[in-house]
Structures are given as C-alpha cells and as structure tokens.
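Ready for some practice in reading a structure? Work through the exercises below one at a time, and try each task yourself before you look at its solution.

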Amino acid sequence: LTQVYQNIFTFGMNPQQAVEAPRFLHEQGRHSKLENRVPEEVFEELRKRGHEIEPVEGWTATLGSVQVILIDPLSGIKRTGADARREAYAIAY
C-alpha cells in the first residue's frame with residue numbers, strides 16, 4: 001500500500017508503526033472512507049472542505065492489509081511489521 005510506503009519513507013515511521021497507522025480509501029469524486037481511529041476533528045475538517053467522509057470501524061481489512069520486511073542495504077539489519085487487520089506475523093532472519 002502506498003500509505004504504508006509513505007509512512008515509512010516520508011514520515012519516518014518504523015515498519016510496525018507504518019502498518020498500524022489509520023488508513024483511508026478514496027473511492028470516487030469527493031467520497032472517501034477513513035478508519036474511525038482518526039480524531040473526530042480530522043473528520044470535521046475534511047467535511048468542512050467538501051469531502052464526503054465515511055467512517056470505517058478501525059482494524060478492518062476493508063482498507064487493505066500488508067506485511068513489511070525492510071532490509072538495510074549497508075548493515076543487513078531487518079525490520080518488520082505485521083498488520084493487525086488480519087491474522088499475520090512478521091518474521092525476518
């Protein structure tokens with residue numbers, strides 16, 4: 001998912017933080033779905049700006065599920081993240 005990639009490489013999150021962060025799904029026009037773990041103020045501000053936001057109960061695979069393994073090319077250190085939206089584990093060795 002692009003959102004997880006952005007969380008890691010733009011916002012500096014570790015893999016687990018990146019996959020656990022709330023997600024959104026843009027559907028059509030101004031309609032989007034957004035996990036309800038986002039603060040209510042965010043929903044309100046988006047609606048004020050003309051977006052049609054549908055809250056989605058948090059921790060559902062409706063907005064995707066991902067597992068991540070990052071390997072540092074210099075040190076070889078592996079970092080992982082597993083999505084709580086599905087039964088999954090992240091293991092790297």
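**Exercise 1.** Does Tyr-5 count as buried, partly exposed or exposed?

*Solution.* Keep in mind that this is a predicted model. Step one: take the relative accessibility of Tyr-5, which is 49%. Step two: compare with the cut-offs, where buried means under 20% and exposed means over 50%. Step three: Tyr-5 therefore counts as partly exposed.

**Exercise 2.** Find what the search of the whole structure for aromatic pairs gives, and describe the result.

*Solution.* The search turns up one aromatic pair. Its members are Tyr-5 and Phe-9, with 4.7 Å from centre to centre and 45° between the planes, a tilted arrangement. Now look at where they sit: both belong to helix 1 (residues 2–9), and because they are four residues apart there, about one helical turn separates them. Finally, check Phe-9 itself: its relative accessibility is 53%, so Phe-9 counts as exposed.

**Exercise 3.** Which side chain makes a polar contact with the side chain of Arg-23?

*Solution.* Start by locating Arg-23: the loop between helix 2 (15–20) and strand 1 (24–28) holds this residue. With 1% relative accessibility, Arg-23 counts as buried. The partner you are looking for is Asp-83, whose side chain is in polar contact with that of Arg-23 at 2.7 Å. Arg-23 also touches residues beyond four places away in sequence, among them Leu-1, Lys-33, Glu-35 and Arg-85.

**Exercise 4.** Trace the polar contacts of the Arg-85 side chain.

*Solution.* First, place Arg-85 in the segment after strand 5. Next, note its 6% relative accessibility, so Arg-85 counts as buried. Then follow the side chain: one polar contact, at 2.8 Å, goes to the side chain of Asp-83. A polar atom of the Arg-85 side chain also lies 2.6 Å from the backbone oxygen of Val-19. Put this beside Exercise 3, and you see that the Asp-83 side chain makes polar contacts with the side chains of Arg-23 and Arg-85.

**Exercise 5.** How far apart are Ala-82 and Glu-20 in sequence and in space?

*Solution.* Along the sequence, 62 residues separate Ala-82 from Glu-20, while their C-alpha atoms are 8.3 Å apart. Ala-82 lies in strand 5 (residues 78–82). At 13% relative accessibility, Ala-82 counts as buried. Its contacts beyond four places in sequence include Gln-16, Val-19 and Tyr-89.

**Exercise 6.** Over which ring does the charged end of Arg-37 sit?

*Solution.* Look for Trp-59: the charged end of Arg-37 sits over its ring, 3.9 Å from the centre.

Terms used: Residues numbered from 1 in each chain as written. Predicted model: local features only at pLDDT ≥ 70, side-chain atom pairs only at ≥ 80, totals over all residues. Heavy atoms only, no water. Helix = DSSP H or I, 4+ residues; strand = E, 2+ residues; numbered from the N terminus. Buried < 20%, exposed > 50% of the residue type's maximum accessible area, 1.4 Å probe, protein only. Polar contact = N/O pair within 3.5 Å; in protein donor to acceptor, adjacent residues only side chain to side chain. Contact = heavy atoms within 4.5 Å. Phe/Tyr/Trp six-rings, centres within 6.5 Å; stacked < 30°, edge-to-face > 60°. Lys NZ or Arg CZ within 6 Å of the ring centre and 35° of its normal.
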